[in-house]
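Visitor: I'd like to learn how to read a model like this. Could you walk me through it?

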Amino acid sequence: MKNSAHKVPLCEHLQQICTKIVASGKHLLDEDEIEKELASRRGRLQGREE
């Protein structure tokens, strides 16, 4: 088991990830783009189940 005393809080970890993405020059999705991406992925999963 990992020692929780050394864990970075989730919000800090997510901020670090976001900073790395921005530094790489990649585009961050806005709210509408996230919704489209989720709908696309859900559609692919539903297609497999049928």
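Visitor: How far apart are the end C-alpha atoms of helix 1?

Guide: A word on the source: this is a predicted model, where local features need pLDDT of at least 70, side-chain atom pairs count only at pLDDT 80 or more, and totals for chains, interfaces and linings use all residues. Residues are numbered from 1 along each chain as its sequence is written, and side-chain values use heavy atoms, with hydrogens and water left out. Helices are DSSP runs (H or I, at least four residues), numbered from the N terminus. The expected span is 1.5 Å times one less than the number of residues. Helix 1 (residues 10-24) has 15 residues, so it should span 21 Å, and its end C-alpha atoms are indeed 21 Å apart.

Visitor: What phi does glycine 25 take just after helix 1?

Guide: A positive one, about 90 degrees.

Visitor: Which side chains meet in a salt bridge?

Guide: A salt bridge is a side-chain nitrogen of Lys or Arg within 4 Å of a carboxyl oxygen of Asp or Glu. The count here is one: arginine 41 with glutamate 37, at 2.5 Å, N to O. Both sit in helix 2, four residues apart, about one turn of the helix.

Visitor: Is aspartate 32 buried or exposed?

Guide: Buried means under 20% relative accessible area, exposed over 50%, and partly exposed in between (1.4 Å probe, protein chains only). Aspartate 32 counts as exposed because its relative accessibility is 55%; it lies in helix 2 (residues 31-49). Arginine 41, at 47%, is partly exposed, and so is glutamate 37, at 30%. Of the protein's 50 residues, 0% count as buried.

Notes. Helix = DSSP H or I, 4+ residues; strand = E, 2+ residues; numbered from the N terminus.
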